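This briefing covers how the chains of one assembly meet. The sequence and structure come first, followed by notes grouped by topic.

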Protein chains: 4
Amino acid sequence: MRFFSDNAAPACPAVMDAIQSANCQTAAYDGDEWSQRLDAAFSDLFETEVRAFWVTTGTAANCLALAALCPPHGSILTHEMAHIEQDEAGAPGFFTHGAKLTLLEGKGAKIPPAAIDEAVGRVRKDVHQVQPRALSITNATEYGQSYSAAEVAAIGEMARKHDLGFHMDGARFANAVAFRGESPADLTWKAGVQALSFGFIKNGGMNAEALILFDTDLYGLVEVMKKRSGHLSSKGRYAAAQILAMLDDDLWLDNARAANRAAALLGEACGNRLNLPVEANELFVAMSADEAASLRAQGFDFYDWGPGEVRLVTSWNQDMSEVEKLAEAIRSL
Amino acid sequence: MRFFSDNAAPACPAVMDAIQSANCQTAAYDGDEWSQRLDAAFSDLFETEVRAFWVTTGTAANCLALAALCPPHGSILTHEMAHIEQDEAGAPGFFTHGAKLTLLEGKGAKIPPAAIDEAVGRVRKDVHQVQPRALSITNATEYGQSYSAAEVAAIGEMARKHDLGFHMDGARFANAVAFRGESPADLTWKAGVQALSFGFIKNGGMNAEALILFDTDLYGLVEVMKKRSGHLSSKGRYAAAQILAMLDDDLWLDNARAANRAAALLGEACGNRLNLPVEANELFVAMSADEAASLRAQGFDFYDWGPGEVRLVTSWNQDMSEVEKLAEAIRSL
Amino acid sequence: MRFFSDNAAPACPAVMDAIQSANCQTAAYDGDEWSQRLDAAFSDLFETEVRAFWVTTGTAANCLALAALCPPHGSILTHEMAHIEQDEAGAPGFFTHGAKLTLLEGKGAKIPPAAIDEAVGRVRKDVHQVQPRALSITNATEYGQSYSAAEVAAIGEMARKHDLGFHMDGARFANAVAFRGESPADLTWKAGVQALSFGFIKNGGMNAEALILFDTDLYGLVEVMKKRSGHLSSKGRYAAAQILAMLDDDLWLDNARAANRAAALLGEACGNRLNLPVEANELFVAMSADEAASLRAQGFDFYDWGPGEVRLVTSWNQDMSEVEKLAEAIRSL
Amino acid sequence: MRFFSDNAAPACPAVMDAIQSANCQTAAYDGDEWSQRLDAAFSDLFETEVRAFWVTTGTAANCLALAALCPPHGSILTHEMAHIEQDEAGAPGFFTHGAKLTLLEGKGAKIPPAAIDEAVGRVRKDVHQVQPRALSITNATEYGQSYSAAEVAAIGEMARKHDLGFHMDGARFANAVAFRGESPADLTWKAGVQALSFGFIKNGGMNAEALILFDTDLYGLVEVMKKRSGHLSSKGRYAAAQILAMLDDDLWLDNARAANRAAALLGEACGNRLNLPVEANELFVAMSADEAASLRAQGFDFYDWGPGEVRLVTSWNQDMSEVEKLAEAIRSL
């Protein structure tokens with residue numbers, strides 16, 4: 001019974017069907033009908049005109065956005081636990097040609113707006129110091145916390161104040177939308193976000209994420225950088241089709257709600273063991289090594305986050321009977 | 001009736017089945033059973049121990065190999081019509097951090113060994129000039145020509161003589177093997193090739209190419225550069241599975257033979273119109289604008305290569321009745 | 001008797017005096033009075049408002065300019081014999097983060113305007129090909145040829161037509177001005193040049209070149225790239241002072257005239273041996289190995305340019321009696 | 001009376017003489033006799049065979065060393081107040097093609113050995129995290145503290161344990177040697193240092209620093225990177241000559257002792273105001289805004305380091321009567 005990672009889950013049936021439908025003779029690269037429909041589909045979803053790219057990884061989505069928002073000699077403010085800092089092998093440095101990540105602190109991997117003010121304030125405005133040029137937050141965060149639209153807007157206000165490009169890593173954006181019950185528009189461009197990495201793979205996709213540009217002036221630059229970094233697949237239709245399938249009838253939201261529901265149910269079982277509230281599909285749970293071993297002996301698989309702490313992740317296809325078994329097992333510890 | 005590009009063809013049935021089979025709960029990144037089998041499968045095929053990566057584009061395969069073989073301050077000798085020079089948006093410069101492509105000439109996009117000697121000889125061995133460090137050939141070439149094992153070995157000899165890393169862009173390697181009837185081993189590592197971009201997408205795959213390292217010492221470096229360039233997909237199983245499916249029972253070779261057969265048949269029809277012999281699945285055909293228009297009026301789609309020249313490309317799934325119709329139409333011009 | 005390289009000559013007395021005068025307690029980096037006077041001094045010389053930097057090498061001047069004019073994914077059109085291609089160890093690739101040099105041909109290392117048109121015309125306007133974004137010419141060229149103001153303007157017209165940034169490598173700009181007798185303004189910004197590497201070191205300076213920005217909007221970017229590439233010396237006054245000393249009373253022009261005069265005198269002696277006309281301070285002279293040996297036996301030092309060709313270079317301080325001796329010796333061959 | 005920065009001081013007489021002596025006709029780049037003597041001179045000083053480069057800035061020395069010791073995908077451990085992090089405009093990211101600086105804490109900008117162990121221990125040994133590959137310390141530090149040979153060796157031990165390249169930024173190395181009274185060898189290669197940026201400019205030089213390679217295998221790589229980054233001056237003799245002049249009769253050490261002596265005298269006057277002990281030529285002194293204003297009114301110039309703290313810097317040529325005046329003025333506050 002896997003509670004290890006949402007990357008371990010299969011693709012959902014609609015995605016598999018879409019792949020099959022796209023398996024025809026058509027134009028190469030992004031000249032096919034599916035790729036051509038992406039802009040409109042996301043513009044509908046976000047209630048404004050956007051430009052959208054399929055890419056094959058979240059790292060590519062994040063780093064193309066960052067490279068469009070920050071020059072090589074600038075710095076990107078981000079949380080010290082952000083995926084771009086912790087888990088992308090230095091990809092931001094590669095795509096931006098050496099821009100720096102300036103690391104901020106904050107509970108649950110959320111950035112307090114004041115931390116931005118303070119970090120910018122510490123930098124002398126001269127040619128010797130690296131000047132902050134962009135800002136990246138993750139929603140839902142790497143610790144399963146989510147920003148409300150108002151919280152994103154408060155950060156967006158800081159970005160405007162200090163003239164910082166504003167990127168959101170939305171590897172679990174669907175889970176944040178599902179938890180907050182606020183609109184995709186409110187959580188992004190209305191709050192000042194210029195580029196969003198919109199994750200599908202963890203949420204029932206196969207191998208396509210989307211990069212959404214609310215600042216459509218960035219389109220030309222991202223288009224060429226995507227090709228130049230080897231991310232323009234020659235049969236792009238399979239990527240576009242799976243994304244469109246997940247947008248249809250808000251499947252992306254249904255999947256995220258299912259994962260969140262499972263997480264919420266586990267959260268209730270964990271009670272005081274929760275180190276952070278459950279606001280998406282990840283739980284960080286205080287647990288001794290013996291307790292963890294006992295759960296594993298009962299067939300549950302999960303990640304040891306650190307001494308005395310485990311991480312549980314639920315997926316779009318989580319078997320609810322297994323969830324209930326785990327909840328019960330945790331209560332019985 | 002499409003003779004425009006092999007990237008326009010669908011994925012073949014075995015690939016679609018493999019994708020379906022891989023659609024299960026399993027380990028993320030390349031921890032799944034399919035990814036774990038790649039090294040062994042390619043080691044069998046090449047009759048030596050190799051390390052193999054799935055990547056999503058040929059550009060990524062080429063440029064990861066080049067970055068492993070050439071330092072930022074070196075140059076890569078290649079043909080002036082090579083894909084890495086003409087069609088990758090400067091990706092080699094990006095992945096290598098600024099290494100230079102030194103361009104060689106040769107009929108049909110093939111590099112004569114003497115051209116390597118000459119190019120290296122022109123460079124002063126001092127710190128002011130960029131020193132050649134690697135060499136990249138394409139087999140089959142961008143003009144549908146193929147190198148024999150002996151020809152590759154002659155180039156490999158030059159690479160050894162001048163201490164150049166040796167990469168082969170095999171976007172259509174299958175077509176070259178099919179045409180030459182020589183073994184994958186003879187056409188690569190036995191001839192000195194250290195890294196091969198082994199193409200599957202144009203040959204019936206969906207969205208996975210392979211990068212094969214014969215120089216297995218390069219593995220660690222390529223592994224981290226692949227992640228750092230955003231090319232480590234979180235659900236790698238779909239990539240690995242489709243490649244394995246094409247290796248099974250030499251499907252890759254059957255597909256290439258089918259495409260080559262169609263091309264050969266068209267080649268006979270073209271006769272003196274052929275600007276180059278047919279040695280893979282591409283034809284470069286002398287044709288006036290009026291003649292091209294006439295063929296298009298009959299429903300045939302293809303690419304205008306230049307004034308008075310068109311390019312025809314056949315695919316693994318080319319309908320032979322359509323091929324015969326086109327052959328007939330060309331004869332009737 | 002050295003006719004080998006103008007880099008071998010000493011610094012001229014005024015420069016040595018200026019270094020001495022600047023040897024005082026003052027502000028660091030470019031906060032000193034000499035550095036602060038550069039903009040005004042060059043604005044006077046060029047009869048327009050410019051921004052000027054001291055840098056320590058021509059390579060730095062060239063590559064900072066190119067990096068300001070061309071994005072990483074663009075290409076820079078230049079002559080195949082240009083210093084940036086032949087003698088800078090790939091520095092343009094380093095400073096631009098991988099931009100490509102597209103090489104043009106032309107007699108005497110001069111670029112014919114039509115070659116620019118043709119090179120741009122060969123590039124498809126799509127995301128697969130590297131798009132030309134900048135253009136660099138050298139005046140005087142690496143072969144001692146010079147462009148007239150009208151010739152520069154014709155190239156500038158091409159730059160405007162194709163929206164290319166326009167850089168001039170003026171390592172021997174003084175020699176070109178001296179030969180042409182046209183104004184610095186006419187030879188640069190009035191002809192469309194946006195950035196000029198203005199050489200002083202070969203012309204009697206010690207270790208400072210100037211980078212002149214006619215497009216003053218580039219100032220902020222170049223300023224930060226200069227620091228980021230390690231080219232902001234902490235005691236900049238010595239660089240600024242030597243440049244100012246050479247601008248005083250047109251010393252730069254006097255020095256260049258002296259070198260050109262020596263070259264012209266040698267040119268007359270060479271007669272039909274000249275492979276190119278003498279338009280600056282370099283001569284490319286047809287000469288057999290035996291003849292060259294004979295001159296060397298008489299104490300003349302110079303560079304073997306290639307089989308049957310030698311290069312003679314004259315300097316600001318060339319001893320005219322030695323020049324006459326060499327002239328005589330060449331006549332006597 | 002300037003106590004603002006050692007970069008504001010003039011070059012010392014021996015350096016000016018050396019510049020004058022080197023002002024002759026000779027070989028270009030580093031083919032002159034002065035440049036050719038550097039290796040031997042530094043090998044003598046360090047009692048082992050070293051390779052030495054002149055470079056024009058400390059940033060260049062630091063970043064060439066770092067780029068030789070750390071691949072683009074690695075990280076460099078350094079103090080959060082290190083010059084490479086705080087004052088080089090992101091140059092390490094530029095020269096290393098995007099390597100990351102991992103920031104450590106420690107009093108007085110000194111790195112405790114345990115902090116290295118801890119930082120390395122936090123990194124998972126997988127492809128997702130950036131692996132530490134190099135380590136850089138500054139001696140004397142940016143806060144005027146110095147490491148003893150034993151302290152450097154303890155850090156060197158950590159470098160060996162974790163397979164980290166080991167660089168020392170010695171912008172004020174002379175001051176550290178003078179304060180510690182230990183040999184240059186003991187403070188560097190005997191303690192595991194592989195590359196040293198040896199500063200001369202702050203210590204009475206004009207515009208040349210040295211980069212010393214104890215790991216002589218790095219020579220070829222640094223040589224080409226130095227050229228490629230525009231740091232190979234065409235008249236290198238002026239750089240080499242001034243460095244040699246400072247090595248003669250240990251002038252570098254005499255100059256540093258003079259500066260340290262002045263600092264020590266001020267330190268005594270500061271007493272409890274000292275926020276850190278005086279171990280080189282910089283003092284960090286607790287002082288109210290009113291007190292600072294009072295000193296300035298008496299003609300003393302210095303830097304406001306932060307609220308309630310000023311920085312005093314002494315130079316090789318500090319007028320001791322001015323030092324005594326400042327000491328007296330501080331005592332009288």
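**Chain contacts in brief**

Chain C and chain B each give 15 residues to their contact, where contact means heavy atoms within 4.5 Å. Between chain B and chain A, 46 residues of chain B are in contact with 46 residues of chain A. This is a predicted model, in which local features need pLDDT of at least 70 and side-chain atom pairs count only at pLDDT 80 or more, while totals for chains, interfaces and linings use all residues. Residues are numbered from 1 along each chain as its sequence is written, chains are lettered from A in the order in which they are written, and side-chain values use heavy atoms, with hydrogens and water left out.

**Chain C against chain B**

- The area buried between chain C and chain B is about 1,200 Å², with 35% of it from carbon and sulfur atoms; buried area is the accessible area (1.4 Å probe) that two parts lose on being put together, summed over both.
- C:Asp87, C:Ala89 and C:His128 supply 30% of the area that chain C buries against chain B, more than any other three residues.
- There are four salt bridges between chain C and chain B, a salt bridge being a side-chain nitrogen of Lys or Arg within 4 Å of a carboxyl oxygen of Asp or Glu.
- B:Asp87 forms a salt bridge with C:Arg124, and the closest N and O atoms are 2.8 Å apart.
- The interface of chain C and chain B also has 10 residue pairs in polar contact, both residues at pLDDT 80 or more. A polar contact is a pair of N or O atoms within 3.5 Å; within protein, one must be able to donate a hydrogen and the other to accept it, and residues adjacent in sequence count only if both atoms are side-chain atoms.
- On the side of chain C that touches chain B, four residues are nonpolar, six polar and five charged.

**Chain B against chain A**

- About 3,900 Å² is buried between chain B and chain A, and carbon and sulfur atoms give 53% of that area.
- B:Phe94, B:Arg228 and B:Lys235 lose the most area to chain A within chain B, together 19% of what that side buries.
- Zero salt bridges are found across the interface of chain B and chain A, but 27 residue pairs are in polar contact there (both at pLDDT 80 or more).
- By class, 19 nonpolar, 19 polar and eight charged residues make up the side of chain B that touches chain A.

**Symmetry**

- Chain C superposes on chain B with an RMSD of 0.0 Å after a rotation of 180 degrees and 0.0 Å of shift along its axis; the fit is by least squares on the C-alpha atoms of residues with pLDDT of at least 70 in both copies.
- C:Gly98 is the residue of chain C that comes closest to this rotation axis, at 1.9 Å (C-alpha).
- Chain B is laid on chain A by a turn of 180 degrees and a shift of 0.0 Å along the axis, with an RMSD of 0.0 Å. The two copies are thus related as by a two-fold rotation axis.
- 100% of the interface residues of chain B are also interface residues in chain A, so these copies meet through the same surface.

How values were computed. Ala, Val, Leu, Ile, Met, Phe, Trp, Tyr, Cys and Pro count as nonpolar, Asp, Glu, Lys and Arg as charged, and the others, Gly among them, as polar.
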